[in-house]
Every structure is written in C-alpha cells, then in structure tokens.
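Student: I'd like to go through this one with you, a bit at a time. Can we just talk it over?

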Amino acid sequence: MPRTKFLIGGLLILAAVAYLIASSTVAAAQYFLTVDEVKAKGSEVIGKNLRVSGAVIGDTIQYDPQTLKLTFEVAHVPGDNKEVEAQGGLAAVLHAAVTDPTRSRLKVVYIGPKPDLLKNEAQAIMTGHLGSDGVFYADELLLKCPTRYEEAVPQQAQGN
Amino acid sequence: MLPEIGFGALVLAFTAAVYSVLAALLGERHQRADLVESARRSQLLTWPLLTISAVSLIGLLVNNRFDVSFVYEVTSRSMPTYLKITAWWGGQAGSLVFWAWLMAAFASLVTLRKWDRDAEFLPWVIVVTSTTLAFFLGLVIFAENPFARYWQTMSGDVVERMFRPAGTLPFVPQDGRGLNPLLRHPGMIVHPPLLYLGFVSFVIPYAFAMATLITGRTDDRWIHITRRWTLWAWLFLSLGLVFGARWAYDVLGWGGYWGWDPVEIAAFMPWLTGTAFLHSVMIQEKRGMLKQWNMLLIILTYDLVIFGTFLTRSGVLSSVHAFAQSAIGPAFFGFIGLTFVASVALLLYRWNALRAEAEMKSMLSREALFLLNNLLFLSVLIVCFWGVIFPLLSELVTGQKVTVGPPFYERATAPLFAGIMALMALAPLSAWGKSTWKTLGRAIWKPALLALLITLGLWLGGMRNLVAIIGFFLVALVTLVTLYEIWRATRARQKAQKEPFLIALGRLFARNRRRYGGYLVHISMMMMALGILGIELFQSETQATLRVGESINLSGYQVRYDEIARFPAPDGREVTRAVVSVYRDGKYLAELHPRIDFYFDAQQTMTIPGQYSTLADDLYVLLVDWQPVSAEQATFKVYHNPLVNWLWLGALVFIAAILIAAWPQPEMEVLPVRAADRSPLRVGASD
C-alpha cells in the first residue's frame, strides 16, 4: 500500500516538473536567428521574442548620453559553428562581415548604459523584438570580442 | 630553462599517475601489497612534481616571459604582480594545470590516511583519482600545453611549439595581450580557486563510491570516510558560486549578480546534485535506505564537475555551439561519457547488494521528506540541463534554433525553490520512520503563526506582490522554525544540566555539530534567500544626465554630482572617476566614486560602480558617460537594491556553519557510530 502511495506521489512530482518546464519553455522561448534569417522572414517575426547574432559595425555606433539611446548596425554572420570554423574562426568571420558592404545589415536600438565591450568587430547577441519599422529593439546585449582570445599567434614580428 | 623544467615535471607527473593506475590494478589482481604500496608512493610523487611545474609557470608569468604563448595571452607588463600570479588560472591551459595540481594534492591527502580498516578500497581509490589526474595531465601535455613557445621561421611565420623546430629562431613579443580586464580584480584570487577546490574535492567521495562498487563492500563505510570531504567540497563550491556572484555584482555594472548563462549553470549543476547527495547520505547512514540513489548522485556530481571544469574555461559565452570551438571538447565529452557509462554499469552490477534495509512507510517521515527534497533538487537540475540543451534539441528537431533566457529559469525554478524551502521548515521537525500531521502540527504551529503574522504585517504595509509574499513567508517560517528548535533544545539542556543559557547553547552546538551546524546552514540559506528576493523583486533604477551640483533621486536617496577627473593609473588604465555625495532626508551619508576604467592593452572599458551598503539596501551608482568637451555634464545610472547585502552576510554565516558541521568531533573519532545519531527520536523530543 505505501508503495503505491509513493509511486503516485512521485508521478505527481514528475508531472508537475514536466508541466513547469514545458510551460516555461513556451513562455520564454526565443528564436535564435541570423541577420539574413531576420530579413528573410520579415513581417513574420515582427513583435516576436527574438535573439539575433551579428557583427558590430564600429562606424555606426551612436550614443546619446542624455537619453541613453544607443544605436548601431550589425552585419550578418553565419549561425552555424561549422561554417564559422570553415571560414577561419570567429575573429576572421566577424572581420569579413564588417568589411563586406554587400552583407545584409540590421539596425539596432538599445536604451541603457553603453556596454563596455561594444566596439567594431565585436559579436553582438541581442535579445529583443523586431519593430514594424525594420529596426531591432534590444532589451539585452551580450557582446564578445573573440580577437583577444582566439588569435593563435601574435600577428606582427615586433620582437626579435 | 623554466619552460623545459615545467614541462618535464608535467611529463614525469603524468608518467607517475599512469604508473600508479597500472600498479594498483596489477597489485589488486595478484593480491600483491607491495605493488599497491608502490602505486601509492608513485601517486604521492605527483603533487611535488606538479608543484615544480606550477612554480615554473608562475615564474614565467611573473617575469614577463612573452615567448611562452600562454604568458603572452594572459599577462602584460602593466599588470600588478598579484594578477600575474592569478593569471595561472586565467586561461585554459593554466587552469588545467591548476586543476591537476589540486587533484594531486587531494589524492595525496587521501592516500596518506590510515588504511588499516579499509585496505581493500586503497587500490581502487588510487585507480580512480590517478585516472582523473592522468586525464587532465594528458590534456595539458598533448593538447593545451602552457609551456609552448613562439618560434619564427625564416619566412617570417610564427609558430607555437614546445621545442624549437629546425631552422627557427625564438620569437619574443614586446608585451603580452594581458588578462581580460573583467578578470583584473581581487575576486580573481578567490573565486576560481574556490570553485576548483569544490570541483576537485568532489572527486574523492566519487573515488570511494567506485571502490565500494568494485570491491562489493557495500556497507556505509565509504560514506563515513568521505562525509567530511563532501562537506568541504560543498563549502568550497558554494563559496565559489557566491564569490562569483559578488564579483559580478562589483564589476559587471548591471546591478545584478547572476545571469543564468551556461557557464554559471555549469558550476551550479554539480552544486545541486552535491546538495542532494549531502542530504540523502544521512538517510543511508540512519535508515539504510537510498543506497542506489546515493551512488547515482555521486556519479552525476563527478561527471557534472568534469563538465563544469570544461565549460567554465572553454570561453563559451552564450552559445552552446561554442563547445566545438575548443580543441579539447571531444576529449572531455569522451571522458565524461566513458566514466558515466562505466560507473552506471558498476552500479547496475551491484544493484541488488545496495537494496534498502528498510521500507519507507510514512509520507511525513523524515526520510520521505528528504527524498522529496532530493527530487526537488534534481528537478532544478533537470530544468537547468534542459535550458542548456534546448537550443541543440530544437535545432535538431525543427531546424530552427530556439533559446531560453533567464525568464525561463526564473519561472521554472521558483516553485521548486519554494518547495525546497517548505521542506526546510518541515523536515527538521519530522521523525525518522513515522510522523503524523498531528505531531508535526504541534511542533510547527507557534513559529508558523508568527511567520503568518509577519507576512500579514507586510501585507498591511502595502505589499501586494504574490511571489514576494510567499517568499517572505517561507523565509520567516524556516528561520523561525529553526531558531525555535535551537531554542527549545537549549532550554531543555539548560533545565537538565542546570547551565546558564549561553553555555547550554554553546554545548548544544559542540555536542551535536552536525545537526546544529546543519540548522545554521539553513538559516544562512534563508539570509541569502532574503537578499535574492529583495534584489530580484524590488530593484528600482533611474538615470539622468547631471551638471555639477545637481542631484538624482531614487527610493528616498539623493545622489549629488560633485566633480569628475580623468587620470592615468600605473597599471595601464585611464581612470575617469566621479565624486558623488549620497544624502537621505537631507542628511549626508557618504561619498562614492563610480568610475570608468579604460584598459589600453585590451582597448576595453570597465564600468565600476560606487556602492553605499546598509542592511536594508544597497545604493549602486554607475558613471555611464562623460565627455571631456562638455565637462559640466555626466550621465549616471543608479540602482536601488533592497536587502541584497543579506546575500553576502548569509555567505559568511554559511562558512561558520559548515566549519561547525565539519569540525572533527573528539568522541566521533573513537566511536564509529554515535548512538545519538541512530536515535529515531526527533530533536527537542525531551520536552
């Protein structure tokens, strides 16, 4: 008898956890898209909770400290890691994205302090939504500058 | 010479570790004590050898030997010496050496203990610890060598090798790239080492668990031997997490302390299984149940530790796909897979020998509540794991990568944490074997009533946030139940022994370190929960651009901008430092110095807050922007973080509590089992 009681209790917990995970996943899911995918899907994804990755174009960074409004553009970088590796690593991919004028670009608006790592050829991973004006309104910015960590050897012969 | 010495010592240590595995296996197979002894001695060699290697590496770091690629990557001339030393664990190769060095130290400590009663465990403990050590050393030697140097070929290319390739010249960069500015903080001294200490010390209970499974000596001996190891491991891991949170709070400049990113979760997952393990071994000790479950928990903890070590150092930031970027990824996954499959196979082989000696009868018995606690911790683990692998799964299934962020974790874990807190209120009051609602109710009604009154007070005070009301009620309940239990037991002792209250309290703790240390851990957790509820639910923020003399108001505080200055610092920074004064109700409280540091070598800025801390709240002021052209104006962002300091205070109480719980108890060394602990009576049953 106690065995069935425990079994039922265990199943109830299992069901509760499964429900928690499923409902929270649905509530918090964010589509992870590249800039090209955002452009291709267009109006389909307007207003949806998105996560977009791109290469920051340094010249486009504008910051108004009065209103804390930060705008910049990101260029498309491939989302697939194998592709990134095939093209010579993240640093090379970011550099190519920023210097290639034919790449699709996305304008980003973010309100808040300017992040320390926001600079040319940084990888930006932005969470937010796409407005009907085609601008990406980010609530959260994650940045990384891979050049500093992944470069295999010093570039120039300074020593010797 | 130093790179050769360091590398040579690594190779010798690797050889010694491999030898000790082989000798222990052979010695066990042929029942040759001399071979096992030789394995033990060989293992004892690893720590001194790795110390030589570590000292060489530190020597290279401190002396700006930029011809060594690891040194070039993590240090620069302008860094202070203490940071150059900590750069040891500032990159992957060095932190693997650090891990191995700690592993060798712990393995040596274990092999130095008295083995008379447990001789059959010895070879297997050596096999497990030395295999783990050899795995890490193998990675260091064959894949991530911190001693590799730069060489320039005749054509001008620079290559990275351990030994000089023919036709090349040494290549010495002028300056290193320097440690990531985020890591240039005193937190670097404590956070990574504590986390690693926690990780590595969990290997020891795992080694004994495996020895138990292999030898078939399936009594509780392994749990008795490793109880204290587990507590230390848990202390270090917990502190590593808390110090990491504090560090993030102090340098990341977003007014937060925990962001649910994969790296944080990777360190949190072994903590969850470790915490569950810590509780469920008590049931095995006292009731002879959950033996298979404990084995599973320690196996999970071990593999999550290895996984965490890999993840925290592989440079993964936000994408699980970045796994592949590390050359050592496949080796790690292979090792984790192999050890997990082998361990679980052993567990299944001994499954019947690990059957429970008693059956769980009552849903309210302490063992049932402990089991429930375990299930809740595991549920949090499943939530975390799901969050980390969901992007991979979604991409596999739908072709579209879908990620989940902090809202997912907050939503899914909050009810589970609430459940864990409710259990913290009930379980200490329940009895082993059997409890009823009646006995539980009698023990809990007084503190529960008081907790309800406090919650009612909050409601009357205007609090309408349901999550906050439930949270504060549970914090009050657990704290009051625990304090009431301590108070009742002290009173009982006071009456029985005719001692003054404080002496009775002190002796109560001294005689029952485990129980009352454990209670104190619960109280410290509630202090931390209070801080987390405060900052998560009641944080407020504002921002403004101010002229000198103007103020910004937030939650009753006034922050006045007084002046600003920009100057170079000797460690390669340009500092922009504002001076602001904090007032409350017109009364001057403090002067804060929020600043922006610009690191020349990394071309990176850091925004460091000025903080005014009280028990009630934290005022967190950031200097957001300042343009020298318009020197008059500066932009500030201010956060008001209620109660957050209880999080850090709770961590201090936590340390004290674990010290009480883990401190050797004189009587215990003589008697393997204390009568009091096997007693089915609940605490305070004397009244």
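**Domains and overall build**

Tutor: Sure, and the domains make a good start: chain B splits into domain 1 (1–179), domain 2 (381–537 + 653–678) and domain 3 (538–645), with bounds that come from an automatic or database domain assignment. Keep in mind that this is a predicted model, where local features need pLDDT of at least 70, side-chain atom pairs count only at pLDDT 80 or more, and totals for chains, interfaces and linings use all residues. Residues are numbered from 1 along each chain as its sequence is written, chains are lettered from A and ligands numbered from 1 in the order in which they are written, and side-chain values use heavy atoms, with hydrogens and water left out.

Student: What distance separates the centres of domain 1 and domain 2 of chain B?

Tutor: Domain 1 covers 1–179, while domain 2 is made of 381–537 and 653–678. Taken over C-alpha atoms, their centres are separated by 41 Å.

Student: What radius of gyration does chain B have, and what would a compact globule have?

Tutor: The radius is taken over C-alpha atoms, and the globule rule is 2.2 Å times the number of residues to the power 0.38. For 687 residues that rule gives a value near 26 Å, and chain B agrees with it at 28 Å. The C-alpha box, along the principal axes, is roughly 80 × 80 × 60 Å.

Student: How many helices and strands are there in chain B?

Tutor: Both are DSSP runs numbered from the N terminus: helices are H or I with at least four residues, strands are E with at least two. On that basis chain B has 21 helices and 14 strands.

Student: And chain A, what pattern does it follow along the sequence?

Tutor: Chain A has five helices and six strands. Read from start to end, they give α-β-α-β-β-α-α-β-β-β-α.

**Burial and charge**

Student: What share of the residues counts as buried in chain A, and what share in chain B?

Tutor: Buried means under 20% relative accessible area, exposed over 50%, and partly exposed in between (1.4 Å probe, protein chains only). In chain A, buried residues make up 46% of the 160 residues. For the 687 residues of chain B, the share is 59%.

Student: How far apart do the centres of the positive and negative side chains of chain B lie?

Tutor: Lys and Arg count as positive, Asp and Glu as negative, with His and the chain ends not counted. Each charge is placed at NZ of Lys, CZ of Arg, CG of Asp or CD of Glu. Chain B has 57 positive and 46 negative side chains, and the centres of the two sets are 10 Å apart.

**A few residues**

Student: Is Ala661(B) buried or exposed?

Tutor: Ala661(B) sits in helix α19 (residues 645–662) of chain B. Leaving out residues up to four places away in sequence, Ala661(B) touches Arg227(B), Leu231(B), Arg513(B), Arg514(B), Gly517(B) and Gly518(B), where contact means heavy atoms within 4.5 Å. Its relative accessible area is 6%, so Ala661(B) is buried.

Student: Where is Pro594(B), and what is its relative accessibility?

Tutor: Pro594(B) is in the loop between β9 (587–592) and β10 (595–599) of chain B. Among the residues that Pro594(B) touches are Ile608(B), Leu622(B) and Phe636(B). Pro594(B) counts as buried because its relative accessibility is 0%.

Student: What phi does Ser555(B) have, and what about Asn64(B)?

Tutor: Ser555(B) lies in the loop between β6 (551–554) and β7 (557–569) of chain B, and is partly exposed at 34% relative accessible area. Asn64(B) is in the loop between α2 (33–62) and α3 (69–74) of chain B. Neither is a glycine, yet phi is positive: about 45° for Ser555(B) and about 55° for Asn64(B).
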